[in-house]
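Open the model in your viewer and keep the selection tool ready. We will make a few stops, one selection at a time.

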Amino acid sequence: MQPSELLRIMSVAEKLKCNTRHCYTSSGRHESVAEHSWRLGLFAMLVANEFPEADMDKVIRMCLIHDLGEAFTGDIPSFEKTQSDEAKEENVLDEWVASFPEPDRSQWQALYEEMNALETTEAKIYKALDKMEALIQHDESDISTWIPLEYELQFEYGKENLQFSPYLSKLREEIDHMTSEKIEKSKKNGNN
C-alpha cells in the first residue's frame with residue numbers, strides 16, 4: 001500500500017478515538033469506539049486457546065475493524081439503532097473500503113462479508129465477544145450511568161450469539177453473576 005493511501009485510511013480510523021460510545025469507563029468518562037475495539041481484540045487474544053479449531057488471527061482482525069463504519073456515523077446504542085441506521089453505516093463503510101487499493105480492497109471486503117454472514121466459527125466468535133465486551137464494560141462502569149432499560153438488557157443482550165460455544169456460555173454465566181452482584185450492591189446502598 002502506498003504511504004499516501006495508508007495515511008488516508010489511518011486518518012479515517014482515527015475518528016474512532018474521538019467518537020464515544022454509550023457506555024462509560026470505570027473512571028467515569030465515555031468510552032471511545034477505539035477503546036472498545038482494542039479491548040475486543042485483546043479479549044480475542046485471551047480466549048484464543050479455548051478455540052484451537054479457529055483462526056484467531058482472523059478473529060482479532062474482525063474485532064479491530066468491526067466498528068470502522070462508526071468513524072463516519074458515530075456510535076448509536078444497540079437499543080436505539082434502526083435498520084436504516086445499520087444500512088447507512090454499512091453503505092458508507094462499503095464505499096470507503098471500495099476506495100482501498102488492491103489487494104487490500106478484496107481482502108477487507110471478504111472479511112466484512114464473512115463477518116456479516118455469521119456462518120464461520122471465526123465470525124461467530126467475534127460477534128459473541130463483541131456483545132460480551134460491552135456487557136463487561138457496563139459492569140465495570142458506575143451503575144449510576146445505566147439507564148432503566150439496561151437492568152434487563154444486561155441479562156438479555158447477545159445471548160443468541162454465544163449458544164454455539166459451551167466456553168462462551170460459561171463465561172456469560174460469570175458475566176451475569178457479576179451483573180447481579182452489581183445490581184444487588186446498588187440496591188443495598190439505596191441507589192435503586
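**Stop one: helix α8**

Select α8: 17 of its 20 residues are buried (under 20% relative accessible area, 1.4 Å probe, protein chains only), so α8 is largely enclosed by the rest of the structure. This is a predicted model, where local features need pLDDT of at least 70, side-chain atom pairs count only at pLDDT 80 or more, and totals for chains, interfaces and linings use all residues. Residues are numbered from 1 along each chain as its sequence is written, and side-chain values use heavy atoms, leaving out hydrogens and water.

Helix α8 covers residues 121-140. Helices here are DSSP runs (H or I, at least four residues), numbered from the N terminus. From first C-alpha to last, α8 reaches 28 Å, close to the 28 Å expected at 1.5 Å a residue (1.5 Å times one less than the number of residues).

**Stop two: α3 against α8**

Now add α3, residues 33-47. How do the two axes cross? They come within 10 Å and cross at roughly 110°. The helices are therefore roughly perpendicular (65 to 115 degrees).

Next, show the side chains in contact (heavy atoms within 4.5 Å). In α3, pick H36, R39, L40, F43, A44 and V47; they meet α8 residues including L129, M132 and I136. By class, this contact has seven nonpolar, two polar and four charged residues.

**Stop three: F155**

Move to F155 in helix α9, residues 150-156. At 22% relative accessibility, F155 counts as partly exposed (between 20% and 50%). F155 touches R172, D176, T179, S180 and I183, not counting residues up to four places away in sequence. Finally, select I175: it is 20 residues from F155 in sequence and 8.8 Å away in space, C-alpha to C-alpha.

Note on methods:
Helices (H or I, at least four residues) and strands (E, at least two) are DSSP runs, numbered from the N terminus. Axes are lines fitted to C-alpha atoms, for helices over the stretch in contact, and angles run from 0 to 180 degrees between N-to-C directions. Angles under 35 degrees count as roughly parallel, over 145 as roughly antiparallel, 65 to 115 as roughly perpendicular and the rest as oblique. Ala, Val, Leu, Ile, Met, Phe, Trp, Tyr, Cys and Pro count as nonpolar, Asp, Glu, Lys and Arg as charged, and the others, Gly among them, as polar.
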